[in-house]
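Grab your viewer and work through the exercises below. Try each task before you read its solution.

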Amino acid sequence: MKTKDGMKFDIERERIKLHKMKQRYRDFNHPKVLEQSAVLDELINQYNRFLREDKPIA
């Protein structure tokens, strides 16, 4: 079960990964950067659903 703070931590960790990948590959369209962006997007979507529903996400 995820908490609000745990989800925020996960989002920040994945955001940092995305930033480092962007620096490494120097292209937002590189497949690995796009994949990491999708991971981050999904975490943000989960967080927003969590806030709307006010229920923990398993």
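**Exercise 1: a residue in the first helix**

Glu 14 sits in helix α1, which covers residues 4-25; helices here are DSSP runs of H or I with at least four residues, numbered from the N terminus, while strands are E runs of at least two. Before going on, note that this is a predicted model, where local features need pLDDT of at least 70, side-chain atom pairs count only at pLDDT 80 or more, and totals for chains, interfaces and linings use all residues. Residues are numbered from 1 along each chain as its sequence is written, and side-chain values use heavy atoms, with hydrogens and water left out.

Task: decide whether Glu 14 is buried or exposed, and find what Glu 14 is in contact with.

Solution.
- Step 1. Take the cut-offs: buried is under 20% relative accessible area, exposed is over 50%, and partly exposed is in between (1.4 Å probe, protein chains only).
- Step 2. Glu 14 has 7% relative accessibility, so it counts as buried.
- Step 3. Now look for contacts, meaning heavy atoms within 4.5 Å. Skipping neighbours within four places in sequence, Glu 14 meets Gln 36, Val 39, Leu 40 and Leu 43.
- Step 4. Check one partner from the other side: Leu 40 touches Ile 11, Glu 14, Arg 15 and Leu 18, with residues up to four places away in sequence not counted.

**Exercise 2: the second helix**

Task: compare the reach of α2 with its expected span, then say which residues of α2 are buried.

Solution.
- Step 1. The expected span is 1.5 Å times one less than the number of residues.
- Step 2. Helix α2 (residues 31-53) has 23 residues and runs 33 Å from first C-alpha to last, close to the expected 33 Å.
- Step 3. Val 33, Gln 36, Leu 40, Leu 43, Tyr 47 and Phe 50 are the buried ones in α2, and they pack against α1.
- Step 4. Just past the helix comes Asp 54, with a positive phi near 55°.

**Exercise 3: the core**

Task: which residues form the largest nonpolar core?

Solution.
- Step 1. Such a core is a set of buried Ala, Val, Leu, Ile, Met, Phe, Trp, Tyr and Cys residues joined through side-chain atoms within 4.5 Å.
- Step 2. The largest one has eight residues: Met 7, Ile 11, Leu 18, Val 33, Leu 40, Leu 43, Tyr 47 and Phe 50.
- Step 3. Both α1 and α2 supply at least two residues each, with α2 giving the most, five.
- Step 4. Zoom out: the protein has two helices and zero strands, and buried residues make up 19% of its 58 residues.
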